[in-house]
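Biologist: Thanks for sitting down with me! Could you bring up the model so we can talk it through?

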Amino acid sequence: MTERAAETLSPEQATELMTILDLQARWENHCTDPERRPDALVDLRARQKAHDQFQDAWNDYSKKYRTKEFPETSQSVPDRLAVWCKVLRAVFGRATTGSPVHVMAKVYRMADRIATRQEAGPMTRKTVEDLATAANELDAVIAWCAGLPVKMDVV
């Protein structure tokens, strides 16, 4: 999904997509959660439940809106993270309700990975509990990405 496509979503569709994005992020973040339960079976069931909730919501959304467009998370380098954040910002701006907590945790996790690879300091972050604060934080992530040096792999 592009930023332009996200900007054309109806508030209802953006709100549903916001929920799906947060379900996906909750599932993906579960693997990196430092407070995971030490019981492997309990952990596996929790991850499976989170994945099933995401898949069910995505399938319902796809049928309802007859679309396969989804803000893909291919943000392994700063410019791709910035593009993804712009799409998220557009979705958040169109949504009327929703909790971006898990999505923002995923954004910060991706930024941390980039910072480690780029040998850059981590970006500062705020506690995000609503869509307006999340949109502002996405602007900060976009600016942080823009400020990182372009690293070229030398062969």
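Below, we go through the fold, one helix pair and one residue.

Biologist: Happy to start with the basics: what pattern does the chain follow along the sequence?

Modeller: Keep in mind that this is a predicted model. The chain has 6 helices and 0 strands. Read along the sequence, the pattern is therefore α-α-α-α-α-α.

Biologist: Lovely. How are α5 and α6 oriented to each other?

Modeller: Helix α5 covers residues 101–118 and helix α6 residues 131–147, with their axes 11 Å apart. They pack at an angle of about 15°. Angles under 35 degrees count as roughly parallel, so the answer for α5 and α6 is roughly parallel.

Biologist: And how many nonpolar residues are in the contact of α5 with α6?

Modeller: On the α5 side we find M104, V107, Y108, A111, I114 and A115. Helix α6 brings A134, E137, L138, V141 and W144. By class there are no polar residues and 1 charged residue in this contact, and the nonpolar count is 10.

Biologist: Now to S62: is this residue buried or exposed?

Modeller: S62 sits in helix α3, residues 40–65. Setting aside neighbours within four places in sequence, S62 is in contact with T67 and K68. Its relative accessible area is 7%, and the cut-off for buried is under 20%, so S62 is buried.

Biologist: Last one, about the surface: what share of the exposed area do carbon and sulfur atoms supply?

Modeller: Buried residues make up 41% of the 155 in the chain. The chain exposes about 9100 Å², and the share from carbon and sulfur atoms is 52%.

Conventions:
Residues numbered from 1 in each chain as written. Predicted model: local features only at pLDDT ≥ 70, side-chain atom pairs only at ≥ 80, totals over all residues. Heavy atoms only, no water. Axes fitted to C-alpha atoms, helices over the stretch in contact; angles between N-to-C directions. Helix = DSSP H or I, 4+ residues; strand = E, 2+ residues; numbered from the N terminus. Parallel < 35°, antiparallel > 145°, perpendicular 65-115°, else oblique. Contact = heavy atoms within 4.5 Å. Nonpolar A, V, L, I, M, F, W, Y, C, P; charged D, E, K, R; others polar. Buried < 20%, exposed > 50% of the residue type's maximum accessible area, 1.4 Å probe, protein only. Areas by Shrake-Rupley, 256 points an atom, 1.4 Å probe, with all protein chains shown as cover.
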